[in-house]
Amino acid sequence: TTQPQIYQRAISQFMEKAGNSEVIVTGHQPNGDMPMAIRVSPTQFIWSCDSSYSGDTMWHHQQNRTNPGKRGGRSHLAISELLIELHGDRVVHMHTHGVLSDGTPYETIDPRNSSTAGLLAPA
């Protein structure tokens with residue numbers, strides 16, 4: 001059993017105990033300048049939404065992008081919003097939109113509509 005499998009099993013058990021929740025939203029774990037979806041199952045996600053270190057964002061292979069934010073803190077440009085639409089107690093739609101720390105606007109699709117969203121990228 002690998003480390004990711006151990007975490008996957010623990011998270012799945014947690015979500016099952018929480019009434020088979022479809023979405024958990026968390027903060028207090030900085031991850032960049034926009035929310036990050038983590039796929040637990042095809043229909044269950046954890047959203048990490050803490051951008052308090054967005055001033056430290058760097059883009060690989062894109063030297064022309066700069067981050068005007070202060071190092072070790074929040075960018076004055078980065079802002080994001082996670083929208084979760086419910087019908088009763090079921091999630092109907094979820095997506096994010098906002099502005100990255102370099103001033104670039106973005107909008108995401110519902111990660112359930114993508115076969116790769118929220119998955120660990122190959123190294």
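**Figure 1. The largest nonpolar core of the predicted model comprises 6 residues.** Its members are Val-23, Ala-37, Phe-45, Trp-47, Val-91 and Met-94. Two elements, strand 3 (44-48) and strand 5 (90-99), each contribute at least two residues to this core. In soluble globular proteins, nonpolar side chains tend to be buried together.

**Figure 2. Surroundings of Phe-45, a member of the largest nonpolar core.** With residues up to four places away in sequence left out of the count, Phe-45 touches Met-15, Glu-22, Val-23, Ile-24, Ala-37, Ile-38, Arg-39, Val-40, Met-94, Pro-111, Arg-112 and Ala-117. Val-23, Ala-37 and Met-94, which appear among these contacts, also belong to the largest nonpolar core.

**Figure 3. Ser-54 in the loop between strand 3 and strand 4 (79-87).** Is Ser-54 buried or exposed? Ser-54 has a relative accessible area of 0% and counts as buried, because the limit for that class is under 20%. Not counting residues up to four places away in sequence, the contacts of Ser-54 are Gly-32, Asp-33, Asn-67, Gly-73, Arg-74, Ser-75, Ala-78 and Ser-101.

**Figure 4. The largest pocket, with a volume of about 410 Å³.** The pocket is lined by 13 residues, of which Gln-8, Ile-11, Ile-38, Arg-39 and Gly-118 are the closest to its centre. Helix 1 (3-17) and strand 2 (36-41) each provide at least two lining residues. Which element gives the most to the lining? Strand 2 does, with 5 residues. By residue class, the lining consists of 10 nonpolar, 2 polar and 1 charged. Ile-38 and Arg-39, named above among the residues closest to the pocket centre, are also touched by Phe-45.

**Figure 5. Overview of the chain, given as context for the close-up views.** The chain contains 1 helix and 6 strands, arranged from the N terminus on as α-β-β-β-β-β-β. Along the principal axes, the C-alpha atoms fill a box of roughly 45 × 40 × 25 Å. The chain has 123 residues, and 32% of them count as buried. Among contacts with a separation of 6 or more, 36% join residues 24 or more positions apart. The exposed area of the chain is about 8,200 Å², and carbon and sulfur atoms supply 55% of that area.

Key:
Residues are numbered from 1 along each chain as its sequence is written. This is a predicted model: local features need pLDDT of at least 70, side-chain atom pairs count only at pLDDT 80 or more; totals for chains, interfaces and linings use all residues. Side-chain values use heavy atoms; hydrogens and water are left out. A nonpolar core is a set of buried Ala, Val, Leu, Ile, Met, Phe, Trp, Tyr and Cys residues joined through side-chain atoms within 4.5 Å. Buried means under 20% relative accessible area, exposed over 50%, partly exposed in between (1.4 Å probe, protein chains only). Helices (H or I, at least four residues) and strands (E, at least two) are DSSP runs, numbered from the N terminus. Contact means heavy atoms within 4.5 Å. On a 1 Å grid over the protein atoms alone, a cavity is a set of points where a 1.4 Å probe fits but cannot get out, and a pocket is an open set with protein on both sides within 12 Å along at least five of seven lines; lining residues have an atom within 4 Å of a point. Grid points are joined across faces, edges and corners, and a volume is the space filled by probe spheres set on the points. Ala, Val, Leu, Ile, Met, Phe, Trp, Tyr, Cys and Pro count as nonpolar, Asp, Glu, Lys and Arg as charged, and the others, Gly among them, as polar. Accessible areas come from the Shrake-Rupley method with a 1.4 Å probe; for residues, only the protein chains shown count as cover.
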